[in-house]
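Here is a short briefing for a first look at this structure. Keep the sequence and the 3D view open while you read.

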Amino acid sequence: MTDITHDRLLIIDFGSQVTQLIARRLRELNVYCEIHPYQNVTDSFLADFAPKAVILSGGPASVINDASPRPPVSVFELNVPVLGICYGQQVMMHMLGGKVERGHGTAEFGRAFVTAGTAKLDLLDGWFMQGDEQVWMSHGDHVSRIAPGFTVYGTSPNAPFAITADPARRFYAVQFHPEVHHTPNGAMLYKNFVEMAGFSGDWTMGAYREDAIAAIRAQVGAAHVICGLSGGVDSSVTAMLLHEAIGDQLTCVFVDHGLLRQNEAEEVVAMFRDNYNIKLIHADERDLFLGELDGQSDPETKRKIIGRLFIDVFQKYASQIEDAKFLAQGTLYPDVIESVSFSGGPSVTIKSHHNVGGLPEKMGLKLVEPLRELFKDEVRELGVELGLPKSFIGRHPFPGPGLAIRCPGEITRPKLEILRHADAVFIDQIRKHGLYDDIWQAFVAILPVKTVGVMGDGRTYDYACALRAVTSVDGMTADYYPFSHEFLGETATRIINEVEGINRVTYDITSKPPGTIEWE
């Protein structure tokens, strides 16, 4: 449980793939909310959390099954507004005396249109102004009888109870997903809900900054904190926030592992040393990392080597800092959500993460994670609030293992130099065409294959590379950026002409899923 002092909205998660979008919509309304899997929401949890409102998410289960997930009955006894979405509507109806049945031709998946009922409802202020409302449905079961006290406020062809409510008890339920962009006016529905619940919209980055600083000082006391500074937005904002809270009690460690982009180490170190007067150790560990990675080609092996070496390096420098009792990490809220399985069961490991999650136990340090309640876009807002340059805040994400996961196959120093140069040309092209801020992440991957080419009158046998550029909101899903053929042709020509060692350029148009953003 966090120490957030703002009014809190609780989202009970039943396993929907889009539950995070509910939280994002609420954060956009300056409402603080947390997502918790249903099995963790007990009577004592509710009493401790004291939500001002509750949202029941969608999910893949069927309430008809006895073992299907349920919230505690006490959710409906809190005397606060409750909104059920899709499965959340069905479980609300089921628990309060209604009836849910199997599909039998009433399933709806995708775009649908809801027609307004005759009665008025504050939740729907601003809806149905132009007639039927487009929504996004994804349900097999359907409510066949609403619970006592409820009234129908909207219907769709296959959902006769698409919108129901019991305004006297402040219970509301919709069969569709207002959080997805396929429900164009969904944000308005959430706005109406939080206004009816009495939220003041005080969840701002200015307020969060003050709360976080107070929390850091209370946790750390007079002890010393070390912060792994990668140069990325998350770790940089973490460092700035900690420095504002505890000043000289903070020491940052920037590990140069030889897998950084062109001029990255110099730029990051100069920015923090010259502009922010933060104690910073520039750990030049290139030989250590590249030596251990020599001859390794398996992606999981490479990641695990990098993770282990990060632990070794932090142990080395932490031992040199007197009274170091805390390690600061730039953990974000999506990391926290994803670390808790909805079902309580194991998840498939797509790829190991390099981060230093094992450090505190191994080093005897306690964790400080001041960003763990924030989404990525909120971190950027906080960075602006703290005075980091907007040009730095808007930098594309860069993975901790760096170029190691953009170099499939064996890593060598010559391949890394080729990759750095090609990547710099690609990013320069994106900036020159004014596209940088339209793209979530862009980079070059050098492929573990050489191809035959011709330059002038001579034969070449050099590496192929792949350009990768994606659009995304938070990195959870992504789509490729639709460059023009003119841009791609111009960029390929520049890379081949300017980067010795590459004679073929491709563009990766795989979305996430099924692919990942990075190549390894």
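The model shown is predicted. A search of the whole structure turns up 17 aromatic pairs. Two helix pairings, H8 with H9 and H5 with H6, are described below. Two single residues, Pro148 and Phe314, round off the tour.

**Aromatic pairs**

- Phe76 and Phe171 make an edge-to-face pair. Their ring centres are 5.6 Å apart, and the planes meet at 75°.
- This pair links distant parts of the chain, with the two positions 95 residues apart in sequence numbering. Phe76 sits in the loop between strand E3 (53-56) and strand E4 (82-85). Phe171 belongs to strand E11 (residues 171-174).
- Are Phe76 and Phe171 buried or exposed? Both are buried.
- Trp127 and Phe128 also pair edge-to-face. Here the centres are 5.8 Å apart, with 75° between the planes.
- Trp127 has a relative accessible area of 4%, so it counts as buried. Phe128 is at 17% relative accessibility; because the cut-off for buried is under 20%, Phe128 counts as buried too.
- Ring pairs also build a cluster. Its members are Phe426, Tyr480, Tyr481, Phe483, Phe487 and Tyr507.

**Charges over rings**

- Which residue lies over the face of Tyr436? Arg431 does, at 3.8 Å from the ring centre.
- Lys450 is placed over the face of Tyr463. The distance to that ring centre is 5.0 Å.

**Helices H8 and H9**

- Helix H8 covers residues 286-293, and helix H9 covers residues 299-318. They pack at an angle of about 150°, with axes 10 Å apart.
- The angle is over 145°, so H8 runs roughly antiparallel to H9.
- Their crossing is right-handed.
- On the H8 side, the contact is made by Leu288, Phe289, Glu292 and Leu293. On the H9 side, the residues include Ile305, Ile306, Leu309, Phe310 and Val313. Lys302 and Arg308 of H9 also take part.

**Helices H5 and H6**

- Helix H5 spans residues 205-220, and helix H6 spans residues 233-246. Their axes come within 9 Å and cross at roughly 65°.
- Angles from 65 to 115 degrees count as roughly perpendicular, so that is how H5 stands to H6.
- The crossing of H5 and H6 is right-handed.
- From H5, the residues that meet H6 are Arg209, Ala212, Ile213, Ile216, Arg217 and Val220. Their partners in H6 are Leu241, Leu242, Glu244, Ala245 and Ile246.

**Phe314**

- Phe314 is part of helix H9.
- Its relative accessibility is 3%, so Phe314 counts as buried.
- Phe314 and Ile226 are 88 residues apart along the chain. Their C-alpha atoms are separated by 8.9 Å.

**Pro148**

- Where does Pro148 lie? Look in the loop between strand E8 (142-145) and strand E9 (151-156).
- Pro148 counts as exposed because its relative accessibility is 55%, and exposed means over 50%.
- Setting aside neighbours within four places in sequence, Pro148 is in contact with Leu96, Gly97, Asp166 and Arg169.
- Pro148 and Thr331 are 183 residues apart in sequence. In space they lie 45 Å apart, C-alpha to C-alpha.

Note on methods. Residues numbered from 1 in each chain as written. Predicted model: local features only at pLDDT ≥ 70, side-chain atom pairs only at ≥ 80, totals over all residues. Heavy atoms only, no water. Helix = DSSP H or I, 4+ residues; strand = E, 2+ residues; numbered from the N terminus. Buried < 20%, exposed > 50% of the residue type's maximum accessible area, 1.4 Å probe, protein only. Contact = heavy atoms within 4.5 Å. Phe/Tyr/Trp six-rings, centres within 6.5 Å; stacked < 30°, edge-to-face > 60°. Lys NZ or Arg CZ within 6 Å of the ring centre and 35° of its normal. Axes fitted to C-alpha atoms, helices over the stretch in contact; angles between N-to-C directions. Parallel < 35°, antiparallel > 145°, perpendicular 65-115°, else oblique. Left-handed = near helix turned anticlockwise from the far one by under 90°.
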